[in-house]
Amino acid sequence: MSRPRSGAGAAGAVDPLTPTVRPDAVDPSYGVGPDLDAGVRGDPLAAWSARKDSYRLVSPANRRRLTVIVVGTGLAGSGAAATLGRLGYRVECFTLHDAARRAHSVAAQGGINAARARKVDGDTLRRFITDTIKGGDFRAREADVVRLAAESGRVIDHMQAIGAPFAREYGGQLATRSFGGVQVSRTYYTRGETGQQLEVACAAALQEQVAAGSVRLHTRTEMLDLIVADGRAQGIVTRDLLSGRIRAWTGHAVVLATGGYGSVYHYSTLAMASNATATWRAHLAGAAFASPSYVQFHPTALPVSSHWQSKTTLMSESLRNDGRIWVPARPGDERAPGDIPETERDYYLERRYPAFGNLTPRDVASRNARERIEAGHGVGPLRNSVYLDFRDSLERLGRPTIAARYGNLFSMYRDATGEDPYEVPMRIAPGAHFTMGGLWVDFNQMTTIPGLFVGGEASNNYHGANRLGANSLLSACVDGWFTLPLAVPDYLAPLVGSSCLEESGPEAGLAVERARARVDRLLAVGGTRRPVWFHRRLGEILYAGVGVSRTEEGLRRALEQVRALRAEFWADVRVVGGEHRLNQELERAGRVADFLELAELMVLDALDRRESAGAHFREEFSAGGEARRDDVAWRTVSAWHTLDDGTRIRRSVPLGFSLVALQERDYR
Ligand SMILES: Cc1cc2nc3c(=O)[nH]c(=O)nc-3n(C[C@H](O)[C@H](O)[C@H](O)COP(=O)(O)OP(=O)(O)OC[C@H]3O[C@@H](n4cnc5c(N)ncnc54)[C@H](O)[C@@H]3O)c2cc1C
């Protein structure tokens with residue numbers, strides 16, 4: 001077995017609380033490699049402030065001679081690009097969208113968390129850390145969670161300062177509400193369009209730097225590959241989506257902020273253009289990919305109601321503040337919801353988890369919904385959903401209050417389904433939503449390729465095996481505005497005086513040729529099926545095999561099916577249209593081809609991890625419907641390398657917990 005291609009992250013000192021067992025491989029297609037080290041030393045509570053104090057700086061006059069490539073203009077990418085530009089670095093910023101502000105962050109509805117000392121309900125920094133570690137089922141890195149908590153107050157202040165119009169209470173204080181997995185109210189929001197307002201503010205800050213000349217923005221430009229030279233990330237290859245031109249860009253460092261890969265499931269809450277191409281190509285160039293099987297299924301997505309539906313839509317988790325989830329107590333009950341009396345309703349979350357009720361974390365809520373649906377209690381024409389009912393809160397609070405809190409979400413539901421949620425309960429079902437996995441990063445947000453940084457949902461470090469609602473907008477902002485602008489200059493400091501790699505040099509040329517050959521190959525297959533056919537089929541395989549709940553048998557089947565589907569794709573895909581113009585079929589084909597490779601790693605990771613933790617629920621490792629972790633063997637993050645010959649290596653990154661005692665996650 002050859003060693004991972006990238007040298008960073010050598011086996012190093014690990015936390016004394018580390019697990020000692022390294023489980024063997026369960027499939028011949030991978031082996032087990034040396035541990036990785038995230039580079040956190042000492043007290044996790046002090047690690048971030050110590051790191052900030054010791055980061056190297058670059059003097060203002062030298063900054064304009066250093067180029068940073070930033071891919072993505074969501075909250076993470078626009079924050080990083082705007083700040084690095086403002087600091088004086090030369091920034092080349094890329095997005096596949098036609099404008100920076102169309103990044104997928106605009107879709108976020110519910111809110112953004114901050115431990116901003118609302119002492120009245122008992123919230124504290126420590127409580128934020130505990131909730132997040134526990135919410136992630138002890139599979140997140142403690143020191144990173146501390147950073148998330150510590151910077152959260154600054155994020156809210158900063159977002160306000162750059163124009164985010166947070167909801168306010170009568171007295172002028174910023175308003176908050178609750179999200180799943182917590183018992184305090186720490187979520188700041190802008191009605192049901194928090195992501196949109198934050199993204200508008202961030203994109204405006206980015207545009208200010210574009211106008212100032214420090215950032216060059218390249219829209220409708222898709223990253224297709226990473227350029228690695230001398231063991232460092234030194235550029236990217238892009239395709240101009242309008243002209244089809246493929247070319248290289250080089251810089252002193254590269255930041256990827258390209259979002260999550262939930263759309264691998266085809267039916268997901270993500271935008272149609274969301275993809276994994278940038279992170280997957282970086283992985284193939286040597287960056288370890290962590291925990292690919294950690295996928296969050298959101299319990300309040302709209303159910304799939306037709307084979308021809310192109311995606312599913314999210315109803316914000318904030319609705320669980322006032323909506324009650326229930327199913328008919330009798331399986332197969334076909335009466336209209338209003339005809340089912342109170343005594344014949346099963347408010348199963350309130351019944352099973354009285355302490356948290358409808359605000360259990362997402363993995364728990366999704367698993368319970370799926371269990372009720374499979375037990376025959378599902379509602380709606382396809383019997384694949386559960387009710388989210390506002391009857392009681394409408395009676396208690398009145399329609400104006402509910403409309404003020406959730407008005408746009410109610411309109412969205414009515415537009416999507418033709419039903420009025422003020423009159424009948426919403427119907428909801430678990431849908432693929434957020435990916436906790438992503439490119440593995442150390443405490444500086446740097447991957448195993450020196451010079452390649454990752455921020456936002458594209459990285460893996462904050463959320464463990466299950467993300468708490470409203471913590472992702474926060475992590476994207478913390479990375480973009482507060483971590484990358486310090487960590488990237490620390491990396492750049494010794495590079496002062498060095499020039500960028502030649503765009504026409506051999507390393508860049510090789511990467512351009514690789515990208516071009518792949519496009520040619522896609523166009524040359526000339527088969528019979530459109531890319532979307534393969535995407536839909538892949539989604540079916542993944543929902544069945546690597547969905548809300550998993551078994552060894554189902555995973556082994558999924559592994560074979562994904563491999564067979566990938567072979568079929570390369571034999572039978574049909575990409576209509578040409579290369580040198582806007583061609584969304586070609587774009588999609590490339591993204592589906594990457595999803596087919598990533599999907600295999602997702603299944604492998606799920607098969608490999610012989611425990612249940614958070615959203616990774618293996619039926620063999622459960623008791624009474626609850627996940628059972630194995631902290632001896634699996635208190636680690638799995639970080640994967642794919643070698644040139646296609647074989648894979650799993651490396652472990654041990655996790656230690658000194659701030660929050662290891663405990664069973666109990667929301668009862
Ligand atoms: C419907 C929905 C609701 C949500 N609600 C909430 C919420 O209330 N609270 C919360 O905390 N989180 C929420 N989330 C999650 C949260 O919105 C995302 O995790 C977060 O916004 C991701 O931000 P990002 O900056 O990492 O990436 P994104 O906003 O996804 O941006 C990715 C960027 O990368 C670019 N890009 C991608 N690939 C390429 C490529 N190959 N080449 C060039 N450019 C590329 C895109 O153009 C885009 O600019 C929600 C998610 C969804 C789907």
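What follows is a short exchange about a predicted model.

Biologist: Which residue does UniProt list for "active site"?

Modeller: The unreviewed UniProt entry lists R362. The place of R362 is in helix α9, residues 362–377.

Biologist: Why is R362 called buried?

Modeller: The cut-off for buried is 20 or more other C-beta atoms within 10 Å. R362 has 27, so R362 is buried.

Biologist: What is R362 in contact with, leaving aside its neighbours within four places in sequence?

Modeller: The contacts are G180, Q296, H298, P299, N466 and G469. A contact here needs C-beta atoms within 7 Å.

Biologist: Why does E342 count as exposed?

Modeller: Exposed requires 12 or fewer C-beta neighbours within 10 Å. E342 has 8, so E342 counts as exposed. E342 lies in the loop between β14 (324–328) and β15.

Biologist: How far apart are E342 and L87 in space?

Modeller: They are 60 Å apart, C-alpha to C-alpha. In sequence, 255 residues separate E342 and L87.

Biologist: What makes β13 and β15 edge strands?

Modeller: Each pairs on one side only. They belong to an open sheet of five strands, with the order β13-β17-β16-β14-β15 and antiparallel pairing. β13 covers 295–301, and β15 covers 345–346.

Biologist: How do you know that β13 and β17 pair?

Modeller: Pairing takes at least two bridges found by DSSP. β13 and β17 have five, so they pair, in the antiparallel sense. For V295, the bridge partner in β17 is T435.

Biologist: Which residues touch the most other members of the largest nonpolar core?

Modeller: V255 and V603, in a core of 160 residues. Helix α16 (residues 584–608) gives this core its largest share, 14 residues. Not counting residues up to four places away in sequence, V255 touches V68, I69, V70, V71, A80, F453, G455, L484 and V488. A second, separate core has 30 residues, including L302, L359, I402 and F410.

Biologist: Why would nonpolar side chains be found together?

Modeller: In soluble globular proteins, they tend to be buried together.

Biologist: Which residues come nearest to the ligand?

Modeller: G72, G74, G110, G259 and G456, of the 44 residues around the ligand. Elements that each supply at least two residues of the shell include α3 (75–87), β8 (221–229) and α12 (472–492).

Biologist: How do the residues of that shell divide?

Modeller: Into 19 nonpolar, 23 polar and two charged. Gly counts as polar, so G72 and G74 are on the polar side.

Note on methods:
Residues numbered from 1 in each chain as written. Predicted model: local features only at pLDDT ≥ 70, side-chain atom pairs only at ≥ 80, totals over all residues. Near = placed C-beta within 6 Å. Helix = DSSP H or I, 4+ residues; strand = E, 2+ residues; numbered from the N terminus. UniProt positions renumbered as here; feature names shortened; annotations may be inferred. Contact = placed C-beta atoms within 7 Å. Core = buried A, V, L, I, M, F, W, Y, C linked by C-beta atoms within 7 Å.
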